[in-house]
Amino acid sequence: MSEPVDVVLIGGGIMSATLGTLLHRLQPEWKIVVLERLSEVAEESSNAWNNAGTGHAALCELNYMPPAADGSVDPAKAISINEQFQQSRELWSTLIGEGVLDEPSTFINATPHMTFVTGEKDVAYLKRRYEALKGQPLFAGIEYSEDSRVINQWAPLLMQRRRKGEPFAATRVPAGTDVDFGALTRQLLGNLESDGVEVRTNIEARKLRKQKDGTWRVSYRHALGRTPGTLDARFVFVGAGGWAIKLLQSSGIDEIKGYGVFPIGGQWLMTSNPALVSQHKAKVYSQAAVGAPPMSVPHLDTRVVDGETSLLFGPFATFTPKFLKRGHWWDLITQVRFSNLFSMLKVAVTNLDLVKYLVTELAKTHKGKVESLRAFVPTAKDEDWTLLNAGQRAQVMVGGELKFGTEVISAADGSIAGLLGASPGASTAPSIMLGLLKRCFPDRIAEWEPQLRALIPSYGEQLNPQPALADEVLTATASALQINR
């Protein structure tokens, strides 16, 4: 007998944890089941060491504001990303106040966000970016400098033994954050489990099939003993990282046709040397190398995991055909369908610079990786830094293009949805899930709005066009999360 439930959330990461939290609050009588193929939740992309931990608010990430052909910069996308992150801050603040989440420092810490560039061209670009952002309410407090003494105060490691006469510039926003999405996920799912939501680990969802009554049959297999089973759900969300495409393809929905994903792994250089850690408290981003995917923008980060502070530099791209860190070697091939084959081939032909970049990255030795780090930290020593494997990211391919960002794929009737893509991802999970609720539950969203506003007071509002409201929200959430205003 197949077990009937209201909602199945596939994947024990930040996306399922966020959607589960919202749905359980909105419809507490619904039976929700979370399926995770590993023995613990938050062990793939949400794990602290598998991502950069940046609270992505477009404060430092240059790829959200690329220069146009005429050199101008448009802040619209950066503002949009920042708006989305403010919803994350509001939701987390509410949940802290309710005791759903633990002390803020267990998952979020104040960490200034910086951008550092060298060379006349990039310095000129960064100054234009700063001019475009400094008057925006959500970017209040952004600072710009070309003065080595000022930048040395912000991040001393950047300026030691810097070449004389070298053009450089930096921006800094003190209100940036470092987020442990693994800890956040565990807290959210732990709270749900204590309130009746079933979180089942060591269970791998294998196939999705639409039934005549409109429900979805979720076929799964236990990791231990390989025992099969099924659930019949009125709504299914596939938040399984790169594996989401395989499950969505098995569902047969028209909306997934034409989509493919390209897996890119990563490595960090890491140090816990107190002498280095004490000299750097920031997340510092720079320009991506030619041909590099947006998720490979180099950055030197302060990370706080389980109360311990360290520094990470990277990521350095790696490649395996696996869609997950603990995926299968044949993942890349088994996603191929007639509907996506030609799109994927076009991506391969038109992104030879990406292939070249990956080959160059794969050829780098530990010494070569530390040499790349010296563009940020001129005094870096090989022996201070060790290599750490990061997570796998599956970048979306559709229409012959390799796309940056996250995409929600949902069936026309709203009974199933899934998430593809990468950054900004986890940082904007609440905003992404709010959009999913509107798409998949259009007949309920109006009655849910009062509860959503209780969780996210600015729900339905844009902050940046309303300076007073933006200031109020930023101040309130900074206080609740114990971070810089």
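In this predicted model, helix H2 meets helix H13 through Gln-84, Gln-87, Ser-88 and Leu-91 on the H2 side, and through Ala-429, Pro-430, Ser-431 and Leu-434 on the H13 side. Sorted by character, the residues of this contact come out as 4 nonpolar and 4 polar, with no charged ones. Two packed helices are described by the angle between their axes and the distance between the axes. Here the axes of H2 (residues 76-97) and H13 come within 7 Å and cross at roughly 100°. Angles of 65 to 115 degrees count as roughly perpendicular, so H2 is roughly perpendicular to H13.

Next, the aromatic rings. A search of the whole structure turns up 13 aromatic pairs. One of them is Phe-235 with Phe-441, a tilted pair with the ring centres 5.0 Å apart and 55° between the planes. This pair ties together distant parts of the chain, as its two members are 206 residues apart. Phe-235 belongs to strand E11 (residues 228-238), while Phe-441 sits in the loop between helix H13 (429-440) and helix H14 (445-455). Both rings belong to buried residues: Phe-235 has a relative accessible area of 3%, and Phe-441 comes in at 8%. Buried means under 20%, so Phe-235 and Phe-441 each qualify. The pair is also part of a bigger picture, since ring pairs link Phe-235 and Phe-441 with Trp-30 and Trp-448 into a cluster.

Phe-338 and Phe-342 make another aromatic pair, this one edge-to-face, with 5.8 Å from centre to centre and 90° between the planes. Both residues lie in helix H10 (residues 338-350), 4 residues apart, or about one turn of the helix. As for accessibility, Phe-338 is exposed at 70%, and Phe-342 is exposed too, with a relative accessible area of 54%. The cut-off for exposed is over 50%, so Phe-338 and Phe-342 both count as such.

Rings also turn up next to charged side chains. The charged end of Arg-37 sits over the ring of Trp-243, at 4.1 Å from the ring centre. Lys-369 does likewise with Phe-316: its charged end sits over that ring, 5.6 Å from the centre.

Notes:
Residues numbered from 1 in each chain as written. Predicted model: local features only at pLDDT ≥ 70, side-chain atom pairs only at ≥ 80, totals over all residues. Heavy atoms only, no water. Phe/Tyr/Trp six-rings, centres within 6.5 Å; stacked < 30°, edge-to-face > 60°. Buried < 20%, exposed > 50% of the residue type's maximum accessible area, 1.4 Å probe, protein only. Lys NZ or Arg CZ within 6 Å of the ring centre and 35° of its normal. Axes fitted to C-alpha atoms, helices over the stretch in contact; angles between N-to-C directions. Parallel < 35°, antiparallel > 145°, perpendicular 65-115°, else oblique. Contact = heavy atoms within 4.5 Å. Nonpolar A, V, L, I, M, F, W, Y, C, P; charged D, E, K, R; others polar.
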